[in-house]
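Please open the model in a viewer and keep the selection tool at hand. The tour below proceeds one selection at a time.

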Amino acid sequence: MSAPAENSPQASRPIEIYVDADACPVKAEIYKVAERHRLKVHVVANTPISIPREPWIERVVVPSGLNIADDWIAERVGRGDIVITADIPLADRCIKAGADVIGSNGRPFTEASIGNVLATRNLMEDLRSAGAVTGGPKPFSPRDRSAFLSALDLAIVRLKRAGFG
């Protein structure tokens with residue numbers, strides 16, 4: 001008997017959502033969507049964050065330190081998981097691990113886009129370290145919240161069609 005194909009329902013595992021939670025403005029939206037789809041959510045931060053008391057929401061408090069929360073997430077995700085983050089290097093690591101990655105503004109990070117996004121981030125970091133005033137990210141808007149909800153629903157539907165669930 002041969003092993004089932006990777007995208008077959010027999011090879012599937014539950015979809016799980018990993019949230020880089022320190023500065024995530026859409027946690028409440030994630031909880032609502034996850035509840036509707038009955039998905040496990042891991043809320044990862046280096047300080048205790050208030051979360052609803054639900055068995056499907058896990059608060060993960062990691063030690064303080066550079067990239068500790070990122071490492072925790074990147075070491076656990078794979079195909080069938082969804083990562084919510086604004087951290088571009090973390091997005092890159094998670095994409096390489098096979099996860100779907102969505103920014104809190106609803107912008108999906110993909111294999112096709114992450115190279116340009118990472119290069120732009122590195123250029124802006126270099127400009128800032130050289131003393132250039134580059135400004136920060138745009139303020140979070142209701143349009144961003146709506147785009148996020150659409151992107152999250154789309155990712156879940158796509159993964160369910162691929163046999164995850």
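A residue is called buried when its relative accessible area is under 20%. With that cut-off in mind, please note that this is a predicted model. The mean pLDDT of the protein is 87, and 80% of its residues reach 70 or more.

First, select residues 1–10. Here pLDDT stays under 50, and the model has nine contacts beyond four places in sequence for this stretch.

Next, select Y18. Its relative accessible area is 5%, so Y18 is buried. Add W72, which is likewise buried, with a relative accessible area of 17%. Together these residues form the one aromatic pair that the structure holds. The ring centres of Y18 and W72 lie 6.2 Å apart and the planes meet at 50°, so the pair is tilted. The pair links distant parts of the chain, 54 residues apart: Y18 belongs to strand β1 (residues 16–20), W72 to helix α2 (residues 68–74).

From β1, move on to strand β4 (residues 81–84). The two strands run parallel and are joined by four bridges; E16 stands opposite D81 in β4. Within β4, D81 and V83 point one way, I82 and I84 the other way, and all are buried.

Now select strand β5 (residues 100–102), which runs parallel to β4 and is joined to β4 by three bridges. I102 in β5 is the bridge partner of I84.

Finally, display helix α3 (residues 88–96) together with β4 and β5. These elements make a right-handed β-α-β unit.

Notes
Residues are numbered from 1 along each chain as its sequence is written. This is a predicted model: local features need pLDDT of at least 70, side-chain atom pairs count only at pLDDT 80 or more; totals for chains, interfaces and linings use all residues. Side-chain values use heavy atoms; hydrogens and water are left out. pLDDT is the predictor's confidence in each residue, from 0 to 100. Contact means heavy atoms within 4.5 Å. Rings of Phe, Tyr and Trp (its six-membered ring) pair if their centres lie within 6.5 Å; planes under 30 degrees apart count as stacked, over 60 as edge-to-face and the rest as tilted. Buried means under 20% relative accessible area, exposed over 50%, partly exposed in between (1.4 Å probe, protein chains only). Two strands pair if DSSP finds at least two bridges between them. A crossover is right-handed if, with the strands pointing away from the viewer, the path from the first strand over the helix to the second runs clockwise.
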